[in-house]
Number of protein chains: 2
Amino acid sequence: MLGELRRAITTGRLRPGAPIRQDALAEELQVSRVPLREALKTLEGEGLVTYQAHKGYCVAVLSLDDLREVYRIRQLLEEEAVRAAVARLTDADLARIEAAQHDVEHAAAAGDVLAMATANRTFHMTLFDCAAMPRLARLIRTLWDTTDAYRSMYYGAAGNRERVVEEHRATLDALRRRAADEAVRTLDVHREHAVTELEPLLDA
Amino acid sequence: MLGELRRAITTGRLRPGAPIRQDALAEELQVSRVPLREALKTLEGEGLVTYQAHKGYCVAVLSLDDLREVYRIRQLLEEEAVRAAVARLTDADLARIEAAQHDVEHAAAAGDVLAMATANRTFHMTLFDCAAMPRLARLIRTLWDTTDAYRSMYYGAAGNRERVVEEHRATLDALRRRAADEAVRTLDVHREHAVTELEPLLDA
DNA sequence: GCTCCGTATTTTGGATCCAATATTGAAAAT
DNA sequence: ATTTTCAATATTGGATCCAAAATACGGAGC
């Protein structure tokens, strides 16, 4: 249920800024308002919705400043995660990341935006999870969630999909050689491209 | 109500690892279980309590690995916050930080552990808030919360209180000269001392 | 005496109901 | 015509109640 609600927000079905009518949403999700309110509280903690006492919840809107701040924090945390991950990366780990990349390329070729978003996420999170720093991974995940509503727009453009594929290949190459600095650098440009593409989309 | 519950955990009145009986706690807090459950959901998001479906909530316990991970992440995020804060630090900001330090010294001399903890927190958070990165400040705050249950033990020792005062003075000196690198360094040692003192306390 | 199983009790999860607050709309006054 | 006020409505916040799951307890079997 929580997952379903989170997806409704991160896929953009519930538009940023839209007020959340508990009664209607509860009926739509086939639950009562109590569990819905609990779910909204966790989403509030993740920054996906905002809350005002006696006024209710709204789908969070991301300002340009928010976007830049989120990506800056991601840069800091992901660098740490990548370095820790590279230090303990096994061949089996690498194989799982490569499998995710396979899915990314498949989705990119097919132009499947949704599959692209999930495969991309798997690619990165699989790497981050190798750091064996669960709290760090969790923080990164919630930061990703806050921009997920806009990510699908990003993959709408075929050019972006192609570039993502290329950038992942560069990261994978660095990972295979256990070149931490280079992996960090490739991910930095990867992220930088995303933020520059996302910025214009945020004004609307 | 949420704040009251959070304090009960961060001050250690609800011991780490203890299961949370909703009925009893609701009565103690003079509310019904519904708002309590919402509060627990937000605390779960902050990492103060853990949750298992159909088994309920427990006050989170911090392993040694958790402690080190939290402090490592804090180091990363706080460095960013300090650098951003120093870049835009006004004299009025500095005065507010100095006022907090005054409270810290007063509490340290009086041996008031609780006042020490809150004044110390104000000292640091006032600085971090100057970074004008609200999400970053919020993340740092929740990281602090996860170790607050143990912080009061830390201030129990007079030696630790004295050292904290000295370390804050070093930081303040760096801030007055807008010396970002030095401020970061002094806070790093400050944090490192805390973690080495905290580690032994965690085994119990 | 110990283990295993089934029932009783406790505890959590969810639904409904009522109270409190906010929002909307209409009527009245300027 | 515009603004203000007050009532009607909608929406949230919280309490109570019922169902489902887990735990605790006790008895039967070995």
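**Rings, helix H3 and two DNA strands**

Modeller: Let's start inside helix H3 of chain B, in this predicted model. The buried residues there are B:Leu36, B:Glu38, B:Ala39, B:Leu40, B:Lys41, B:Thr42 and B:Leu43.

Colleague: What do the buried residues of H3(B) pack against?

Modeller: Quite a list! From chain A there's helix H3 (33-46). From chain B there are helices H1 (2-10) and H2 (22-28), plus strands E1 (19-20), E2 (49-52) and E3 (56-59).

Colleague: How do you know what span to expect for H3(B)?

Modeller: You take 1.5 Å times one less than the number of residues. H3(B) covers residues 33-45, which is 13 residues, and the expected span is 18 Å. From first C-alpha to last, the helix reaches 18 Å, so it's close to what you'd expect.

Colleague: What makes B:Ser32 a cap for H3(B)?

Modeller: One of its side-chain oxygens lies 3.2 Å from the backbone nitrogen of B:Val34. The cut-off for a polar contact is 3.5 Å, so this pair counts, and B:Ser32 caps the N-terminal end. Just after the helix, B:Gly47 has a positive phi of about 80°.

Colleague: On to the rings. Why is the pair A:Tyr154 and A:Tyr155 called tilted?

Modeller: Pairing needs centres within 6.5 Å, and tilted covers plane angles that are neither under 30 degrees nor over 60. Here the centres are 5.3 Å apart and the planes make 55°, so the two rings pair and the pair is tilted. Both A:Tyr154 and A:Tyr155 are buried.

Colleague: And why is the pair B:Tyr51 and B:Tyr57 tilted?

Modeller: Their centres are 4.6 Å apart and their planes sit at 35°, so tilted is the right word again. Over all chains, the count is four aromatic pairs.

Colleague: Is B:Tyr51 buried, exposed or partly exposed, and what about B:Tyr57?

Modeller: Buried means under 20% relative accessible area, and exposed means over 50%. B:Tyr51 has 35%, so it's partly exposed. B:Tyr57 has 3%, so that one is buried.

Colleague: What makes you say that A:Lys41 lies over the face of A:Tyr51?

Modeller: The distance limit is 6 Å from the ring centre, and there's an angle limit of 35 degrees from the ring normal too. A:Lys41 is at 4.1 Å, so it's inside the distance limit. In chain B, the charged end of B:Arg74 sits over the ring of B:Tyr71, 4.6 Å from its centre.

Colleague: Now the DNA. How do you know that A:Arg33 makes a polar contact with a base of DNA strand D?

Modeller: A polar side-chain atom of A:Arg33 lies 3.0 Å from a base nitrogen of that strand, and the cut-off is 3.5 Å, so it qualifies. The side chain of A:Arg37 also has an N or O atom 3.0 Å from a base nitrogen of DNA strand D. For the phosphates, a polar backbone atom of B:Ser32 is 2.5 Å from a phosphate oxygen of DNA strand D.

Colleague: Which residues are closest to DNA strand C?

Modeller: A:Ser32, A:Lys55, B:Ile20, B:Arg33 and B:Tyr51, out of 15 residues that surround the strand. Sugar and phosphate make up 65% of the strand's atoms that come within 4 Å of the protein. Polar backbone atoms approach its phosphate oxygens at A:Ser32, 2.5 Å away, and at B:Ile20, 3.0 Å away. The side chain of B:Arg33 has an N or O atom 3.0 Å from a base nitrogen of DNA strand C.

Definitions and conventions. Residues numbered from 1 in each chain as written. Chains lettered and ligands numbered in written order. Predicted model: local features only at pLDDT ≥ 70, side-chain atom pairs only at ≥ 80, totals over all residues. Heavy atoms only, no water. Phe/Tyr/Trp six-rings, centres within 6.5 Å; stacked < 30°, edge-to-face > 60°. Buried < 20%, exposed > 50% of the residue type's maximum accessible area, 1.4 Å probe, protein only. Helix = DSSP H or I, 4+ residues; strand = E, 2+ residues; numbered from the N terminus. Contact = heavy atoms within 4.5 Å. Polar contact = N/O pair within 3.5 Å; in protein donor to acceptor, adjacent residues only side chain to side chain. Near = heavy atom within 4 Å.
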